[in-house]
Amino acid sequence: FYTQEGQNQYRVVGGSRYHLSEGIRFVGDTSFTSRQAGVPTCIFYPSGACTGGTVTLKGGKHYSYVIVNPVAARVRVSDTP
């Protein structure tokens, strides 16, 4: 999947587009190292691994971080990066 700063949506490569809840936005750059058409992307593999990285979300004055572990493809949300 990939995101674009300032947008309220993300997209699955070759698939659907999903919208975030009202008032929530992606901010800053992701730490995704893979790219699809020049856009930072998190890629999940059939083996269960992924490229991993972090996405920053902002709602009002609160920041949340969606962290994807590259080895286990575990996704967690945290108040700290």
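Two residues are in contact here when they have heavy atoms within 4.5 Å of each other. Keep that in mind while we walk through this model, which is a predicted one.

Let's start at T51. You'll find T51 in the loop that runs between β6 (39-41) and β7 (53-59). Is T51 buried or exposed? Its relative accessibility comes out at 17%, and since buried means under 20%, T51 counts as buried. So who surrounds T51? Setting aside its neighbours within four places in sequence, T51 is in contact with S34, T41, C42, I43, Y45 and P70. One of those partners, I43, has a further link to T51: a polar atom of the T51 side chain sits 2.9 Å from the backbone nitrogen of I43.

Now hop over to another name on that contact list, S34. S34 belongs to strand β5, and its relative accessible area is 15%, so S34 is buried too. If you skip residues up to four places away in sequence, S34 touches V39, P40, T41, I43 and T51. Compare the two lists and you'll spot T41 and I43 in the contacts of T51 as well as in those of S34.

Next, the rings. How many aromatic pairs does the structure hold? There are 4 of them. Take F1 with Y10: the ring centres are 5.9 Å apart and the planes meet at 70°, and because planes over 60 degrees apart count that way, the pair is edge-to-face. F1 also pairs with F32, again edge-to-face, at 5.5 Å centre to centre and with 85° between the planes. That second pair ties together distant parts of the chain, 31 residues apart: F1 is in the segment before β1 (2-3), while F32 is in the loop between β4 (24-27) and β5 (34-36).

How do these three rings sit with respect to the surface? F1 has a relative accessibility of 22%, so it counts as partly exposed. Y10, with a relative accessible area of 27%, is partly exposed as well. F32 is another matter: its relative accessible area is 5%, which means that F32 is buried.

Finally, zoom out a little. Which residues do the ring pairs link into a cluster? They are F1, Y10, Y18, F32 and F44. So within that cluster you have the partly exposed F1 alongside the buried F32.

Key: Residues numbered from 1 in each chain as written. Predicted model: local features only at pLDDT ≥ 70, side-chain atom pairs only at ≥ 80, totals over all residues. Heavy atoms only, no water. Helix = DSSP H or I, 4+ residues; strand = E, 2+ residues; numbered from the N terminus. Buried < 20%, exposed > 50% of the residue type's maximum accessible area, 1.4 Å probe, protein only. Polar contact = N/O pair within 3.5 Å; in protein donor to acceptor, adjacent residues only side chain to side chain. Phe/Tyr/Trp six-rings, centres within 6.5 Å; stacked < 30°, edge-to-face > 60°.
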